[in-house]
Every structure is written in C-alpha cells, then in structure tokens.
Amino acid sequence: MENKKLTVGEKAAYGIGAVGKDMVYMLSASYILYYFQDLLGVNSVAMGIILLAARVFDAFNDPIMGIIVAKTHTRWGRFRPWLFIGTITNAVILFVMFACPPDLSASGLVAYAAVTYILWGITYTMMDIPYWSMIPAFTRGGGEREGLTTLARSCAGVGSALVTIFTVKIVQTIGNLPAFANLSTTAREIVGFKWFALIIAVLFVVFITITCITVKEQSLVDMKSASVGDMFKALISNDQAMTVVIAIVLINCSIYITSNLVIYFFKYDFGGLAWGNSYTLFNMFGGAVQILSMMVAYPILRVFLSNVKIFYVCLASAITGYATLFAICFVNMNSVFILFIPAFFIFAANGVLQVITTVFLANTVDYGELKNGRRDESVIFSMQTFVVKLASGVAAFVASICLQLNNLQGGTADTTEKMDYSLAVSASSKLGLRMTMTIVPVIGLGIAIFVFSKKYILTDAKISEISEKLEEGRKKIGE
C-alpha cells in the first residue's frame, strides 16, 4: 500500500516529538555531571567512569533495541508502542535521576547516579530508535522523506537549544522561590533541578503523545539494524569511512569537553553573583550562531568552496576561537560580551561541521559501493550514532579528570546568600580549567586535521567520478 501524502499537521506533530525528545537528551547530557559532581558532591572520577561506561553500553545497546523493534507486531504498529513506552519510562527515570536524596552516603550517591543514569540511557534508546526508524512507515520516500528528516533534525536542534539556554536561569528562579528561602544556595539549585526536570519530563510525554496520536504507520517496512560487528567490518573494508569516523570522534570529543566544562567556567572563573545570567546569555548567543551556521552559512560557503575546503575553514575557525578564548581569559573579564568573540568562531564552526561530517559519511557510502561491491548505507549511518555517543562519554571522562585535578567542586555547606564562587578558587585551578577547555580541544582538532589531510581522498571531483562509474555499472546491470 502506498503511503498518502503527509499533512502539515502530521509533519508538525512529528517535529514536536523531536523537540521534546532532545530537550530531555540535552538536560541529561549537559547537566548530569554538574548536578551530581558539583551540587551533590559525588567524586569527579567516579562520575566520569559512570558517564563513560554508560555511554559505551548505550552505544552497544542501540543495535539490540533495533532488533527488538524490528520483531514487534501489534495492532498499533511496530514503532509507536515502543515510542510511547520508552517515553513514559524515560520521563519517570529523568525525574528520579534529578530527584536524588542529597543526604545519601558517598557510596549511596555513586550507586544512585550509576543506576539511574544507565536506566535513563536504556529507556532513551527504547524511544529514540523507533522514533527515527518509523519515518519510512509513513512517508512516500524521496523528497518527502528527506524533508521530514530535515524538519525533525531542525526541531531537535530547537529542543536542545531551549534547554541549553534556559536551564540554569529557570533552575535558579525555582530555587529562589519563597518556599526555599531557608535553604543554602547549593540546596536551592538541587531543588531547582528537581522541579525543572519534572517540567521537562511532563512536556516530553505531552509532545510524544501528540506524535503517537497524530502520526500513524501506513505500511509495513523492513527495518535493518546494524550490529556492532557489522559496523567494524564496514570500517575495516572502507578506509574513507574509517578516516571520517576518526575525524568525527576527535572533533566531537574536543567540542564536548568544552561544553561539559563551560558551566564550571562561568561559575568558578568568570564568576560574579549573577554568573547564571551571563551563562544564559552566552548560550543564547552561541545557540543562535550555531543554528544559523547550519541553515545559512553552509549553503553560502558551498557556493564558493568545496566541502573539503569548508571542513578546513571550520577547523581553523574553531582553533581560532579556542585560542582567542584562552587569551581573553588572561584579561579582565568584566563583561560576558567579550566572550561572544570566541563563541562566534567556535559555535559557527560546530554548526557547519555537524552538516559537513554527515555529507562526508554519505560520500563514503558511494566509495564503499565502488570499492567493495556493496552499499553499507544503514551500517555507515548507524556508526555515526555509535561514535557520537562514544565521543561524548570520553569527553565527560576527560572533563571529570579536569575537575578532580583542579579541585573544582561545590557543596551543600554554604550560606543562604548568593555567592561569588570564583573568589574561593585558586589561580592554578582556574588555569587548569582554562587549559583543558582550550588547549586540549585544539590538540584534538589538530590531530583531526592531520589524519584527514593524509587519508581523505573524496574531493568533489573524485565523488563525481565515482558517481559516474556507479551509474555506468547500474546501466550495464539494467541492460
């Protein structure tokens, strides 16, 4: 049965699900380390190990969930039952994770963080896999399918941006309510995260419910799920895919290290009583630049430059941003607006790199088909999710080591008055934080440039040549 054309309402309903889904993801990905380590006092290294192990486990768990979904047959379809069940359980776990009893023992806090975070990852995968996999079941393919995927990715970006921008401000606003006036400043933040997580969890359930009710599967589609073994076999037989994957890991590790530490930078280095306002303003500017770079900057650059040249321009931009940030840190940072200069270079580069690395992966599919005689499209793009999760886990571990070495950690034994935390941090600790946020990412990006320049051969001309050869081969088969 051919799928009918999607209505505007169905497209909007699918997109709003992506908004809720990535609001939840960003809250966990960006603030779980800060919540448990800085506010509740869990050991930095312990948190780093938990986050790394959970992300690696989650990356291996994706193919398993794909197999489970593929074997599901119900009156409501294959995908929507898991989408709804995963959403409900993930929303509950999200709230429980950010509602940790602060009076637990040190070992109790570690156990609580480990169990809830791993469960969060499992339940998120439970709804994330069917969400993206269901697209072929209610689209007609071609432009409609690509358009819906682009819409959903854009909506996911909006959800991530909203949480990145407003979390700290809303958390502090909740904590400053009269009902919590007698609590310490850290305890107020803990309470703020608890109720903010509940708000996000409820919105998540509402948004995905709208998706499940509005968007219905119209046809039964085959769902292929790549195993971890399939991924590594594809890498070994496709040197260009290997090159791109290494570049993605290095780039994402570099960027995620900074994103994990930026809240600590504003709290303990930039400082001030209103550090949360400065942090919110910084993220608002950076988020806008990143979204605009994806939607506007890349298409404009593509008119004048090849994809490979754009890639190098972006890496040079990011390195420039990190170098500028490191230099600015040694002047009097009395205004957040001066930080907009490095933020522009870094966020703009990151936005375009997200697009262009996906393009490079797509190019390796054609290359692999010509070289090996098979088209590993689903395997290659499953690998992208795998390496992004792996990179985020490694970055969180590196960030946790930085926090441990530089003794950057808050606590619950502070006053009910607002504090300038930067006054209690030594100059050496601030220097260690700055170096990890800037020099370590530059090293990672430098290695990415070296590997890519030595190994990547798929220029625009080479891709055109490969496409022509593949087309000739298909015509011969057709004859």
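**Salt bridges and a cavity**

R302 is partly exposed, with a relative accessible area of 29%. Keep in mind that this is a predicted model.

What does R302 pair with? R302 forms a salt bridge with D460, and the closest N and O atoms are 3.0 Å apart. That contact joins distant parts of the chain: R302 sits in helix α10, residues 275–304, and D460 in helix α15, residues 460–478, 158 residues apart. D460 is partly exposed too, at 30% relative accessibility.

Stay on α15 for a moment. K469 makes a salt bridge with E465, closest N and O atoms 3.1 Å apart. These two are four residues apart in the helix, so about one helical turn separates them. K469 is partly exposed at 41%, and E465 is partly exposed at 33%.

Now, a buried pair. D128 bridges to K21, again with the closest N and O atoms 3.0 Å apart. D128 is in helix α4 and K21 in helix α1, residues 8–39, so to speak a long-range link: 107 residues apart. K21 is buried at 2%, and D128 is buried at 12%. D22 joins K21 and D128 in a network of salt bridges. The whole structure has seven salt bridges.

Next, cavities. There are two of 30 Å³ or more. The largest is about 70 Å³. Which helix gives the largest share of its lining? That is α4, with five residues. The lining includes Y117, W120 and K389. By type, the lining is seven nonpolar, one polar and three charged.

Last, cysteines. The disulfide count is zero. C100 is buried at 3%, and C212 is buried at 9%.

Conventions: Residues numbered from 1 in each chain as written. Predicted model: local features only at pLDDT ≥ 70, side-chain atom pairs only at ≥ 80, totals over all residues. Heavy atoms only, no water. Disulfide = S-S within 2.5 Å. Buried < 20%, exposed > 50% of the residue type's maximum accessible area, 1.4 Å probe, protein only. 1 Å grid on protein atoms, 1.4 Å probe; cavity = no way out; pocket = protein on both sides within 12 Å on 5 of 7 lines; lining within 4 Å. Points joined across faces, edges and corners; volume = space filled by probe spheres on them. Nonpolar A, V, L, I, M, F, W, Y, C, P; charged D, E, K, R; others polar. Salt bridge = Lys/Arg side-chain N within 4 Å of Asp/Glu carboxyl O.
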